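Open the structure in your viewer and keep the selection tool at hand. This tour goes from one selection to the next and says what is found at each stop.

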Amino acid sequence: MNKKKKITELPQSKEGKYSSRLSDVLSLGQHESFRIADNFYRLLVESLTGYGIFTTDKKGNISSWNGGAQKLFGYTEKDIIGENASIIFRQEDINHTELQKQLKKATKKGKVSIERYHVRKDSSLFWASGLIFSLGDEDNIARGFTFIIRDLTDIMELGKRKDSFISTASHELRTPITSMKLYAQIIEQEIKKTGSGIQLESVVELNNQLNKFITLMDYLLDVAKIQKEKLELEKNFFDMDELIEEVMATIQIVSSKHLITRQGGITEKVYGDRSRIGQILANLIGNAIKYSPTSDKVIVTSGVEKNDVVVAIKDFGYGILKSEQSGIFSRFYRAKSAVLYKIEGIGLGLYVAQQIAKAHGGKITLESDEGNGSTFYIKIPRNLKTKNEKK
Ligand code: ADP
């Protein structure tokens, strides 16, 4: 009988298991396969010229340096071997023992991702992202590290240009759209007097669409301001409860299904930008209604908690998975339920709201679970130095 091995059969290791080890695949001795693997590794590292790849010992002293690293940092292999990797860190990072902290993290977790400024040989800085892998042994004791770093300056520049384009476009479009909206409102008033049916429906829809457009423009303008750190606050003492009621009333007019109710109360005035905090409230109450289409109530509670004034907005809707909760404050992030149930939105409201809260020294937090509704908390620091009792 022909006992020839089938070509498709995977090679087996000594233990009889299928293996992808070089020594088994090529039927080589361990020494030979190490040599080939080492050559392969060096070829691979050298061919990745877009990446600075280097290794260090456990103290961070550089032991190998590829062509990409030379291109990126300006040091030749001869210049740098034996130097400590802190040479590519900024002075303030050295003062904060950043390298040691990252190496410690990499040792603990196996790898750590980094995004920071690094320093070239000519002292210039560039924005870099990368990974540090720990070359540990079985007991997880680091023997050394591999750094893989790439220059993100171009991507960052592109991002800045994109942001600046969006900001200019929104700015330029805001004025003509606002006048279109004004004309559309005049037409709507006129048609209401004389016309009916399809004409009225069309102009109402036109106004709805223009409103959505204006909201989007306003969000984009806010995002641009936040990114340029130009979100200016006009701070004054104001009555939070009065503001809550104003916002609730405006939203209640257009939400016939949900009843928005009030609990609690605040006896002191709050120091902040009334209109911006009103924007946060409108966003959170609007979301509470939007993401709870099968429920019919939203509860807004205000109160004071240690050093913060807190407003809680509770709904009984879809809720948000724990794994998605940190993401929802990022730009353009939409939770799976929003997409699944086809709820309209762009994913900018919470980002802007959180940035406004942060600009006040506060924050927005939430408690939620899928299927169990959500409670969003707006926390704004109290002005404890001023005794400003409500009149
Ligand atoms: P948008 O509503 O325009 O998508 P937001 O930034 O206001 O944007 O919210 C981001 C995401 O957070 C939403 O897409 C939604 O998935 C989720 N979310 C916000 N509020 C709630 C809520 N009350 N209940 C459930 N999900 C919510």
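A polar contact is a pair of N or O atoms within 3.5 Å. Keep that cut-off in mind for the first stops, and remember that the model is predicted.

**Stop 1: the polar contacts of the ligand.** Select Lys-290 together with the ligand. An N or O atom in the Lys-290 side chain lies 2.9 Å from a ligand oxygen atom, so the pair falls within the 3.5 Å cut-off and counts as a polar contact. Next, add Asn-287: one of its polar side-chain atoms is 2.8 Å from an oxygen atom of the ligand. Then add Asp-315, where an N or O atom of the side chain is 2.9 Å from a nitrogen atom of the ligand. How much of the ligand does the protein bury? Taken alone, the ligand exposes 530 Å², and the protein buries 98% of that.

**Stop 2: the shell around the ligand.** Select the residues that surround the ligand; there are 21. The closest are Tyr-291, Arg-334, Ala-335, Ile-346 and Leu-350. Colour the shell by class, and you should see 11 nonpolar, seven polar and three charged residues.

**Stop 3: the pocket.** Which pocket does the ligand take up? The ligand occupies the space of the largest pocket. For the shell around the ligand, the elements that give two or more residues are α10 (274-290), α12 (349-359) and β12 (374-381). Of these, select α10, which gives the most to that shell, with four residues.

Now show the pocket itself. About 1,600 Å³ of space lies in the largest pocket. Its lining has 44 residues, and the closest to the pocket centre are Tyr-219, Asn-283, Gly-286, Asn-287 and Lys-290. Elements that give two or more residues to this lining are α8 (197-227), α9 (240-254), α10, α11 (336-340), α12 and β12.

**Last stop: the lining by class.** Colour the lining residues of the largest pocket: 22 are nonpolar, 15 polar and seven charged.

Definitions and conventions. Residues are numbered from 1 along each chain as its sequence is written. This is a predicted model: local features need pLDDT of at least 70, side-chain atom pairs count only at pLDDT 80 or more; totals for chains, interfaces and linings use all residues. Side-chain values use heavy atoms; hydrogens and water are left out. A residue is near a molecule or strand if one of its heavy atoms lies within 4 Å of it. A polar contact is a pair of N or O atoms within 3.5 Å; within protein, one must be able to donate a hydrogen and the other to accept it, and residues adjacent in sequence count only if both atoms are side-chain atoms. Accessible areas come from the Shrake-Rupley method with a 1.4 Å probe; for residues, only the protein chains shown count as cover. On a 1 Å grid over the protein atoms alone, a cavity is a set of points where a 1.4 Å probe fits but cannot get out, and a pocket is an open set with protein on both sides within 12 Å along at least five of seven lines; lining residues have an atom within 4 Å of a point. A molecule sits in a cavity or pocket if more than half of its atoms lie within 2 Å of its grid points. Ala, Val, Leu, Ile, Met, Phe, Trp, Tyr, Cys and Pro count as nonpolar, Asp, Glu, Lys and Arg as charged, and the others, Gly among them, as polar. Grid points are joined across faces, edges and corners, and a volume is the space filled by probe spheres set on the points.
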